Every structure is written in structure tokens, then in C-alpha cells.
Amino acid sequence: MGIYEIRVKGQLDQHWSDWFNGLTITHQDGCTILRGPLADEAALHGVLIKVRDLALPLLGLCCKEEHDETI
């Protein structure tokens, strides 16, 4: 299981967290950061499809192993 950080342009409200598989939503420099664990690549693709469906410009994607705290 990896810890993912997905950065999109714009700002999403906190109520979107459940729709994005419980990922934490934070804001930085006009961007929204979705961060948290996803079970596998299929779960990641599901989140990315939701980003696409909302027409949010994808700015970045990073994955770290669960024990790596360098994100």
C-alpha cells in the first residue's frame, strides 16, 4: 500500500474527501492536495478518473511507500 499525493489546480471543499476514497484535502498556493493511502493501482486510477470527471487540471502525482515519511 502506498501513500499518494495528488495535486490539482483549484480548491475543493473538505466534503469531497469521502468521494475521493477518504483522502485528506489540503490547500496550498491555489492548489488542492489529495493525500493518503490507496490500496492498489486500481484505487489510484479510480481517484484519477474522478479528478478527470471534475475537469480538474492534474498538476502532480507522487507515491511513497507507507513507511516513508518524506512526502
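Where in the chain does serine 17 lie?

1. Serine 17 belongs to the loop that runs between β1 (2-9) and β2 (24-28). The model under discussion is a predicted one. Although placed in a loop, serine 17 counts as buried, because its relative accessibility is 16% and the cut-off for burial is under 20%. Setting aside neighbours within four places in sequence, the contacts of serine 17 are Gly22, Leu23 and Ile25.

2. As to overall architecture, the protein chain comprises one helix and four strands. Read from the N terminus, the order of these elements is β-β-β-α-β. The C-alpha trace extends over about 30 × 25 × 20 Å along its principal axes. The radius of gyration of the protein chain is 11 Å, which agrees with a compact globule, because a globule of 71 residues would have a value near 11 Å.

3. Several totals describe the packing and the surface. Of the 71 residues in the protein chain, 32% are buried. Among contacts with a separation of 6 or more, 62% are made by residues 24 or more positions apart. The protein chain exposes about 4,400 Å², and carbon and sulfur atoms supply 51% of this area. The side chains include 6 positive and 11 negative ones, with the centres of the two sets 7 Å apart.

4. Strand β3 (residues 31-38) has two pairing partners to consider. With β2, strand β3 pairs in the antiparallel sense over five bridges. With β1, the pairing of β3 is likewise antiparallel and runs over eight bridges. β3 is mostly covered, since six of its eight residues are buried.

5. The register of these pairings can be followed residue by residue. Threonine 32 in β3 stands opposite histidine 27, and valine 8 also stands opposite threonine 32. Threonine 26, in turn, has isoleucine 33 in β3 as its bridge partner.

6. What value does phi take at aspartate 29 in the hairpin of β2 and β3? The hairpin has two residues between its strands, and aspartate 29 there adopts a positive phi near 50 degrees. In general, most residues other than glycine have a negative phi. Aspartate 29 is not a glycine, yet its phi is positive, at about 50 degrees. Aspartate 29 sits in the loop between β2 and β3. With a relative accessibility of 74%, aspartate 29 counts as exposed, because the cut-off for that class is over 50%.

7. A second backbone feature is found at alanine 55, in the loop between α1 (41-53) and β4 (58-65). Its phi is near 60 degrees, again a positive value in a residue other than glycine. Is alanine 55 buried or exposed? Alanine 55 is exposed, because its relative accessible area is 63% and the class begins over 50%. Alanine 55 and lysine 9 are separated by 46 residues in sequence, while their C-alpha atoms are 9.8 Å apart in space.

8. The loop residues discussed here may be set side by side. Serine 17, between β1 and β2, is buried at 16% relative accessibility. Aspartate 29, in the loop between β2 and β3, is exposed at 74%. Alanine 55, in the loop between α1 and β4, is exposed at 63%.

Key
Residues are numbered from 1 along each chain as its sequence is written. This is a predicted model: local features need pLDDT of at least 70, side-chain atom pairs count only at pLDDT 80 or more; totals for chains, interfaces and linings use all residues. Side-chain values use heavy atoms; hydrogens and water are left out. The radius of gyration is taken over C-alpha atoms; the globule rule is 2.2 Å times the number of residues to the power 0.38. Buried means under 20% relative accessible area, exposed over 50%, partly exposed in between (1.4 Å probe, protein chains only). Contact means heavy atoms within 4.5 Å. Accessible areas come from the Shrake-Rupley method with a 1.4 Å probe; for residues, only the protein chains shown count as cover. Lys and Arg count as positive and Asp and Glu as negative; His and the chain ends are not counted. The place of a charge is taken as NZ of Lys, CZ of Arg, CG of Asp or CD of Glu. Two strands pair if DSSP finds at least two bridges between them.
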